[in-house]
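Biologist: Before we talk about details, could you put the model on the screen so that we can both look at it?

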Amino acid sequence: MLSRPDTLLSVYPNNVSDTDVSVPRSSDLAASNNSFKPLYKFYRHLSYEEFDYLCFEPGSKVETDTLLDPIFPKTYTELHPDDLSIANYPFTGDFIESLRKFKYASTSRISVGSRSQCAATFEEITLKSVPGLRIYPGILTPDVQRQLVVNVIEEYLPSETHLTNLHPSYMLPQPFYLFGHPRDTIIPPSDKPTVAAATPTTLGSLQDRKLRWVTLGGQYNWTTKKYPTFEPHTREFPDFPVSLTTLLKGASAIFRDRINPEASIINFYSDGDVLSPHQDIAELSSADLVSVSLGCEAVFFCGLAKDKPPLQVRVRSGDIIVMGGDSRFAWHGVGRVWDKTAPDHLVGFDYCENFEHDRIADNVASGRKRYGQWMLSKRINLNVRQMLDT
Ligand SMILES: O=C(O)CCC(=O)C(=O)O
Ligand SMILES: [Fe+2]
């Protein structure tokens, strides 16, 4: 069993400077014992078409006996999933021996904000190679995915208590509506920079690449690599958004109530972006970590040891991955993101027509026209943690 290392320091990026806001967090594993590294190299130059082909023809191009496409049709030919509830199939495919697939009916109500959907059935994939990791492909309905995109842009980002990677460098409009002004709006450097001064930029370039993350609830400090020690319900420790808690609690049948959502990091990725291998060990709790994917596709790496080739999972919009049990402190990262792979229900969707306007300013409402275009090349990952032991 992989236990949480004694240190409370996260092994996140020693090599990331606060000034370099456009670079994702990354950690620098020694080349000699880092079995993730060749995979990053491999995926960097892999087109989406090649990736897609690889998923359908494993082994055709490289040794990929650890590549899992959760909706890979081969898994279905092995199974007979019709009308089964709480069934459990040992997967006997030739490339991942240890895949087990569960399919069961649920009455659990998954809702977020004003959108709610009943997930009648969903699948859970667990793997012997990474015990405790649970994959729920496509579990979030298109409605819920869209509502989450809207919440990220209109609720989570604008909150004054939520820090982003941009705050140390720039004087952001308050509240920070990512689409609340024209793209060429000048964003000046911060007048109290805590890092080397930035040069003025535009709102458009924040949208395109510069915005990398926002933190909800307990505000993880990337410099000291710690969560705040003070109590919840203070200004410094904003309450975790109710809308996201509702989503997770609504899906409690899935997560088996094994998380009390207290902190979340929302990552914004663009084409080609990666997240280097790391362990999430800053939390005092070993409760499940819940990771939600929206928008473009990516390959996610996960393994219990950094010197063994990790499992590679194709992640799509609406997927949830839970890192629980032995996998809670596993090594993981994102191999790359491919743009133009977001589903049409996020891209070709009129966010103006379908969400009520009453509580938002006109400029925000008109900015909504651009959400679909933005999602064309974005991947958003919300990963939710419990910080404190109960
Ligand atoms: O984007 C992802 O899927 C993973 C993000 C992650 O591991 C993190 O933010 O700690
Ligand atoms: Fe992580």
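What follows is a short exchange of questions and answers about this predicted model.

Biologist: How many helices and strands does the secondary structure of the chain come to?

Modeller: The chain has 390 residues, of which buried residues make up 44%. Among contacts between residues at least 6 apart in sequence, 70% join residues at least 24 apart. The secondary structure of this chain comes to eleven helices and 18 strands.

Biologist: Which strands are the edge strands of the open sheet of five strands?

Modeller: The five strands of this open sheet have mixed pairing and follow the order β1-β15-β14-β17-β12. A strand at the edge pairs on one side only, and the two that do so are β1 (67-68) and β12 (275-278).

Biologist: Within that sheet, which residue of β15 is the bridge partner of Leu68?

Modeller: β15 (residues 311-315) runs antiparallel to β14 (residues 297-303), with five bridges joining the two, whereas β1 and β15 pair in the parallel sense over two bridges. On the β14 side, Phe301 stands opposite Gln312, and Phe300 has Val313 as its bridge partner in β15. For Leu68, the bridge partner in β15 is Val313.

Biologist: Are the faces of β15 covered or uncovered?

Modeller: Five of the five residues of β15 are buried. Leu311, Val313 and Val315 lie on one side, while Gln312 and Arg314 lie on the other, and with every one of these buried, both faces are covered.

Biologist: Which strands each supply at least two residues of the shell around ligand 1?

Modeller: The residues around ligand 1 are Ile265, Asn267, Leu275, Asp280, Ser291, Phe300, His332, Val334, Asn381 and Asn383. By character, this shell divides into four nonpolar, five polar and one charged. The strands that each supply at least two of its residues are β11 (263-269), β17 (331-338) and β18 (379-385).

Biologist: Turning to helix α4, at which residue does α4 bend?

Modeller: Helix α4 (residues 142-156) reaches 20 Å from its first C-alpha to its last, close to the 21 Å expected for its 15 residues at 1.5 Å a residue. Even so, there is a bend of about 25 degrees in α4, and the residue where it falls is Val150.

Biologist: And how many of the 15 residues of α4 are buried?

Modeller: The buried residues of α4 include Val144, Leu148, Val152 and Tyr156. Residues with polar or charged side chains, among them Gln145, Arg146, Gln147 and Glu154, are also buried in α4. The helix is mostly covered, and the number of its 15 residues that are buried is eleven.

Terms used. Residues numbered from 1 in each chain as written. Chains lettered and ligands numbered in written order. Predicted model: local features only at pLDDT ≥ 70, side-chain atom pairs only at ≥ 80, totals over all residues. Near = placed C-beta within 6 Å. Helix = DSSP H or I, 4+ residues; strand = E, 2+ residues; numbered from the N terminus. Expected span 1.5 Å × (residues − 1). Bend = angle between axes of the 7 residues up to and from the residue. Buried ≥ 20, exposed ≤ 12 C-beta atoms within 10 Å, placed from the backbone. Pairing = 2+ DSSP bridges. Contact = placed C-beta atoms within 7 Å.
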